[in-house]
Amino acid sequence: SRPPPAPSPTAARSPDTEFLLRPSGESIRVMSYNVNWDSIFPENDPKNHELREFDRGESFGRILRAVQPDVICLQEINYLRGAQELSQFIGQTVGSSRWQVANVRDNVIAARFGLQEAGYKMVTGIYPLDLQQAAALIDLPEAQYGSKDLFVICAHFKAGGGRSDILLRSRQADVLMANLRDLKTPGGKLD
């Protein structure tokens with residue numbers, strides 16, 4: 001005879017919210033979120049991607065307000081959405097209008113701080129355009145963080161388990177590493 005099935009989990013609020021507290025005033029919270037093709041935007045938004053299947057706008061807002069990230073990396077955002085539109089959307093979602101946005105292809109980097117350099121297309125000439133990733137150099141406030149700034153890459157690697165998918169993911173990682181090596185060379189510019 002088979003054992004009875006385990007009971008289904010029930011969602012409940014945890015009384016412990018300390019895990020959301022920042023360890024220090026110098027902490028920077030970076031959040032990455034694959035939204036599943038524009039699922040965070042209103043259902044009737046004309047810019048929604050044709051692959052959009054879910055409506056996660058409410059849960060996205062709840063997560064952002066709880067986590068309170070300083071930097072957000074989003075994947076699977078329709079490339080037709082502009083940086084200003086995305087900045088306004090994130091600002092409305094979290095209740096703060098000071099977001100700076102860099103976007104490349106379906107990758108978005110949004111930051112509460114200024115962007116020194118934004119929207120790098122992390123691709124080299126020998127790789128196809130579908131490998132583009134977003135990157136930005138974030139200008140951290142000197143009063144809080146000193147002379148340090150933050151370089152962020154928002155990567156959306158190819159999904160799938162086939163041989164060609166695995167090879168493409170490897171090539172994407174190679175592009176990221178080549179660009180990081182270039183950035184670390186004297187002169188400090190990504191070219």
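Which residue forms a salt bridge with Asp106? Keep that in mind as you load the model, which is a predicted one; we will come back to it near the end of the tour.

**Stop 1: the whole chain**

Start with a cartoon view coloured by secondary structure. The protein chain has four helices and seven strands, and along the sequence they follow the pattern β-α-β-α-β-β-β-β-α-β-α. Now switch to a surface. The chain exposes about 11,800 Å², with carbon and sulfur atoms supplying 53% of that area. Of its 191 residues, 38% count as buried. If you have a contact map open too, look at the contacts between residues at least 6 apart in sequence: 56% of them join residues at least 24 apart.

**Stop 2: the aromatic cluster**

Select Tyr33, Phe41, Phe60 and Phe89 and show them as sticks; together they form one aromatic cluster. The structure has four aromatic pairs, and two of them are worth a visit here.

Zoom in on Tyr33 and Phe60. Their rings meet edge-to-face, at 5.2 Å centre to centre and with 80° between the planes. Tyr33 belongs to strand β1 (residues 30-34) and Phe60 to helix α1 (residues 57-67), so this pair ties together parts that are 27 residues apart in sequence. Tyr33 is buried, at 14% relative accessible area, and Phe60 is buried too, at 0%.

Keep Phe60 selected and add Phe89. These two rings have their centres 6.3 Å apart and their planes at 10°, so the pair is stacked. Here helix α1, holding Phe60, is tied to helix α2 (residues 83-94), holding Phe89, and the joined parts are 29 residues apart in sequence. Both Phe60 and Phe89 are buried.

**Stop 3: charges over rings**

Stay with the cluster for a moment and pick Phe41. What lies over the face of its ring? Add Arg81 to the selection: Arg81 is there, at 3.5 Å from the ring centre. For another case, go to Phe54, where the charged end of Arg56 sits over the ring, 4.4 Å from its centre.

**Stop 4: salt bridges**

Side chains of opposite charge can pair when their charged atoms come close. This structure holds nine salt bridges, and we will look at some of them.

Select Arg112 and Asp70 and draw a distance between their charged ends: the closest N and O atoms are 3.8 Å apart. This salt bridge links distant parts of the chain, with Arg112 in the loop between β4 (107-111) and β5 (114-121) and Asp70 in the loop between α1 and β2 (71-75), 42 residues apart. Both ends are covered: Arg112 is buried at 19% relative accessible area, and Asp70 is buried at 7%.

Next, select Arg52 and Asp55, a salt bridge whose closest N and O atoms are 3.6 Å apart. Is each partner buried or exposed? Arg52 counts as buried, at 16% relative accessibility, whereas Asp55 counts as exposed, at 51%.

Now for the opening question: the partner of Asp106 is Arg105, with 3.6 Å between the closest N and O atoms. Asp106 is buried, with a relative accessible area of 4%, while Arg105 is partly exposed, at 31%.

For the last selection, take Asp38, Asp45, Lys47, Arg81 and Glu85, which are joined into one network by salt bridges that share partners. Arg81 is a familiar name by now: this is the residue you found over the ring of Phe41.

Notes
Residues are numbered from 1 along each chain as its sequence is written. This is a predicted model: local features need pLDDT of at least 70, side-chain atom pairs count only at pLDDT 80 or more; totals for chains, interfaces and linings use all residues. Side-chain values use heavy atoms; hydrogens and water are left out. Rings of Phe, Tyr and Trp (its six-membered ring) pair if their centres lie within 6.5 Å; planes under 30 degrees apart count as stacked, over 60 as edge-to-face and the rest as tilted. Helices (H or I, at least four residues) and strands (E, at least two) are DSSP runs, numbered from the N terminus. Buried means under 20% relative accessible area, exposed over 50%, partly exposed in between (1.4 Å probe, protein chains only). A charge sits over a ring if NZ of Lys or CZ of Arg is within 6 Å of the ring centre and within 35 degrees of the ring normal. A salt bridge is a side-chain nitrogen of Lys or Arg within 4 Å of a carboxyl oxygen of Asp or Glu. Contact means heavy atoms within 4.5 Å. Accessible areas come from the Shrake-Rupley method with a 1.4 Å probe; for residues, only the protein chains shown count as cover.
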